[in-house]
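Q: Please take a close look at the aromatic ring pairs in this structure. I should like a connected account of how the rings are arranged, followed by the other local features that deserve attention.

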Amino acid sequence: MEQEKVNGNKEPSAEASSYRCSACHGDEDWGPGHPLRGRAKSRSLSAAPVLASAREFRRTRSLHGPCPVTTFGPKACVLQNPQTIMHIQDPASQRLTWNKSPKSVLVIKKIRDASLLQPFKELCAYLMEENNMVVYVEKKVLEDPALLSDDHFGPVKRKFCTFREDYDDISNQIDLIICLGGDGTLLYASSLFQGSVPPVMAFHLGSLGFLTPFNFENFQSQVTQVIQGNAAVVLRSRLKVRVVKEPRGKKVAVPNGISENGLLAAGLDVEVGKQAVQYQVLNEVVIDRGPSSYLSNVDVYLDGHLITTVQGDGVIVSTPTGSTAYAAAAGASMIHPNVPAIMVTPICPHSLSFRPIVVPAGVELKIMLSPEARNTAWVSFDGRKRQEIRHGDSISITTSCYPLPSICVRDPVSDWFESLAQCLHWNVRKKQAHFPEDEEDAEDADEEGGEEQAGS
């Protein structure tokens, strides 16, 4: 089965499934010069053999079950779809390798945090002097007065390549991303790349650190190991969001062809006269009632069919990565990033029977204001770029074919459960005290005495 190669910002045809996991990216570039290759062949759901022997049912080292048989009884089978390219792969086989040695690295540092200045200096000096790498940083990072006044850091600072968010496109110049801070730095890194994302190595130097598994104490050995290509990777699926708005007489400033970390999906659509902007979202899309005191009233369509109307404070559409963020606070389940899914979670719904749901990755959700809505709605993307949605506007959401490859400390499964335990204190409680041994013996004796009396 042929796979479509994704180059630059060119996306696969609309007929193909919009979700690919690591098996589909065996020949794909994650930024210039470094593909992510699965070292074990995955099995396609659409390419299962007509007849299956018993050995094909062996359980794999995967979160998922074995590849299902597509024949049922002597005469029934599933209609084969040659354009289905969704795969399920063993997370243990997701390993990072490089076609060529990485030469350029983007260092993202949390702004206005004095505690990160020393780690930032040490990391940048190590990358430049020990590994001879080109280091990119955002221009406003170097405008910190503490860095400007540091004469010892001057020789290193002069070697930086700088960029400005929303103006400079660096998506084809970065081989590796290193984040210093909390989970917000990883979300910010995702927003900078609207197409293929380079591998991301995130150090925990913030408040939560659910998405940042690395500790900075021994960063030299960890960075060296990643540069050498010996690391596990978890593919965090993203959402491709297309916002279509009715023109209302206001022109949108588009610096350098990019609008607010989004791509102009089709510019001005001549047929319908609407402006369309596209975003890549790592955590969630949140539609809420904004400052209005009225309930939010939006219609949710799935693949063109109206499935429900959300009445309440709003609705969250999230990835599995985002399931441990706002969605978890709103009552949703937590889903491992390897599960191909999209979550729909209501925020304080008016109907108490409106529970969170999980739909397959690749379906298209469309959200619009209901005709009877008394007020407008507001939408934000990973907590950024908040904007108003009015009657006639629409938000289309599906799984992006450009996931974010996040480098693991150990492996995708161990890292995730470690984060649940350490960051969210999942299932942490005071343990029940055991009975003393003498009390247990006394209870056993009482039970035996009772049985003898019953027997007599």
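A: Two rings of Phe, Tyr or Trp, the last taken by its six-membered ring, form a pair if their centres lie within 6.5 Å, and a pair with planes over 60 degrees apart is edge-to-face. By this criterion, 10 aromatic pairs are found in a search of the whole structure. One of them joins F203 and F216, whose ring centres are 5.5 Å apart and whose planes meet at 75°, so this pair is edge-to-face. The two residues belong to distant parts of the chain, 13 residues apart: F203 sits in strand β11 (residues 200-204), while F216 sits in the loop between β11 and α5 (219-227). Both F203 and F216 are buried. A further edge-to-face pair is made by W416 and F417, with 5.1 Å from centre to centre and 80° between the planes. The model in which these geometries are computed is a predicted one.

The partners in the W416 and F417 pair fall into separate accessibility classes. W416 has a relative accessible area of 9%, and therefore counts as buried, because the limit for that class is under 20%. F417 reaches 39% relative accessibility and is partly exposed. The rings of F203 and F216, for their part, also belong to a wider arrangement: ring pairs connect Y126, F203, F214, F216 and F219 into a cluster. A charged side chain takes part in another kind of ring contact, since R164 lies over the face of Y167, at 5.1 Å from the ring centre.

Beyond the rings, the second largest pocket merits description. The space in this pocket amounts to about 450 Å³. Its lining is made up of 24 residues, and those closest to the pocket centre are G182, D183, G184, T185 and L187. Two elements, β7 (104-109) and α4 (183-192), each give two or more residues to the lining. Helix α4 supplies the largest share, namely five residues. In chemical character, the lining divides into eight nonpolar, eight polar and eight charged residues. Domain 1 (95-229) and domain 2 (240-247 + 273-401) both contribute lining residues, so the second largest pocket lies between them.

Two backbone positions also call for comment. N132 has a phi near 55°, a positive value in a residue other than glycine. N132 is located in the loop between α1 (117-130) and β8 (134-138), and its relative accessible area of 65% places it among the exposed residues. C348 likewise has a positive phi, near 45°, although it is a residue other than glycine. C348 is in the loop between β21 and β22 (357-360), and at 55% relative accessibility it is exposed.

Strand β21 (residues 341-347) itself contains T345. T345 has a relative accessible area of 0% and is therefore buried. The C-alpha atom of T345 is separated by 6.5 Å from that of V317, and the two residues are 28 residues apart along the chain. Thus T345 within β21 is buried, whereas C348 in the loop between β21 and β22 is exposed.

Methods: Residues numbered from 1 in each chain as written. Predicted model: local features only at pLDDT ≥ 70, side-chain atom pairs only at ≥ 80, totals over all residues. Heavy atoms only, no water. 1 Å grid on protein atoms, 1.4 Å probe; cavity = no way out; pocket = protein on both sides within 12 Å on 5 of 7 lines; lining within 4 Å. Points joined across faces, edges and corners; volume = space filled by probe spheres on them. Helix = DSSP H or I, 4+ residues; strand = E, 2+ residues; numbered from the N terminus. Nonpolar A, V, L, I, M, F, W, Y, C, P; charged D, E, K, R; others polar. Domains from an automatic or database assignment. Phe/Tyr/Trp six-rings, centres within 6.5 Å; stacked < 30°, edge-to-face > 60°. Buried < 20%, exposed > 50% of the residue type's maximum accessible area, 1.4 Å probe, protein only. Lys NZ or Arg CZ within 6 Å of the ring centre and 35° of its normal.
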